[in-house]
Amino acid sequence: MEQTIKLVFKNDLTKLAGNAFGKNTYETQVKDVIDFNASITFEIPAQIDRIASSFVQGFFDEIVKEIGD
């Protein structure tokens with residue numbers, strides 16, 4: 001089974017940074033819809049041209065706790 005989760009950000013946002021912002025994005029857009037038994041693809045809007053490691057760490061914090069590292 002496959003699952004695609006399309007992330008949504010303000011149209012003028014081009015960079016994703018910050019651990020807290022990553023955690024908030026997970027909490028508000030992913031937590032209630034993610035299926036850990038599926039193969040998951042996260043779709044990032046085309047206007048995003050950079051993603052900082054701090055965002056990734058915050059975003060995946062709960063996922064790593066759920067499925068391990």
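**View 1. Strands S1 and S3 of the predicted model run parallel to each other.** Strand S3, which covers residues 39-43, is joined to strand S1 by five bridges. Among the residues involved is Thr4, whose bridge partner in S3 is Thr41. Along S1, which spans residues 2-6, the side chains alternate, with Gln3 and Ile5 pointing to one face, where they are buried, and with Glu2, Thr4 and Lys6 pointing to the other face, where they are not buried.

**View 2. The largest nonpolar core of the model is made up of eleven residues.** Its members are Ile5, Leu7, Phe9, Leu16, Tyr26, Val30, Ile34, Ile48, Phe55, Phe59 and Ile63. Helix H1 (19-30) and helix H2 (53-67) each contribute at least two residues to this core, and the largest share, three residues, is supplied by H2. Ile5, which belongs to this core, is also one of the buried residues of strand S1.

**View 3. Ile34, a member of the largest nonpolar core, is shown with the residues that it touches.** When residues up to four places away in sequence are not counted, Ile34 touches Gln3, Ile5, Tyr26, Ile40, Phe42 and Ile63. Of these partners, Gln3 and Ile5 point to the buried face of strand S1, while Tyr26 lies in helix H1.

**View 4. The rings of Tyr26 and Phe59 form an edge-to-face pair.** A search of the whole structure finds eight aromatic pairs. In the pair of Tyr26 and Phe59, the ring centres are 6.1 Å apart and the planes stand at 90 degrees, so the arrangement is classed as edge-to-face. Because Tyr26 lies in helix H1 and Phe59 in helix H2, this pair ties together parts that are 33 residues apart in sequence. Tyr26 has a relative accessibility of 5% and therefore counts as buried, and Phe59, with a relative accessibility of 2%, likewise counts as buried, the cut-off being under 20%.

**View 5. Phe55 and Phe59 form a stacked aromatic pair.** The distance is 5.9 Å centre to centre, with 20 degrees between the planes. Because Phe55 and Phe59 are four residues apart in helix H2, they are separated by about one helical turn. Phe55 is buried, with a relative accessible area of 4%.

**View 6. Phe55 and Phe59 are also shown as part of one aromatic cluster.** This cluster is formed by Phe9, Phe21, Tyr26, Phe42, Phe55, Phe59 and Phe60. Among its members, Phe9, Tyr26, Phe55 and Phe59 also belong to the largest nonpolar core, and Phe42 is one of the residues that Ile34 touches.

How values were computed
Residues are numbered from 1 along each chain as its sequence is written. This is a predicted model: local features need pLDDT of at least 70, side-chain atom pairs count only at pLDDT 80 or more; totals for chains, interfaces and linings use all residues. Side-chain values use heavy atoms; hydrogens and water are left out. A nonpolar core is a set of buried Ala, Val, Leu, Ile, Met, Phe, Trp, Tyr and Cys residues joined through side-chain atoms within 4.5 Å. Buried means under 20% relative accessible area, exposed over 50%, partly exposed in between (1.4 Å probe, protein chains only). Contact means heavy atoms within 4.5 Å. Two strands pair if DSSP finds at least two bridges between them. Rings of Phe, Tyr and Trp (its six-membered ring) pair if their centres lie within 6.5 Å; planes under 30 degrees apart count as stacked, over 60 as edge-to-face and the rest as tilted.
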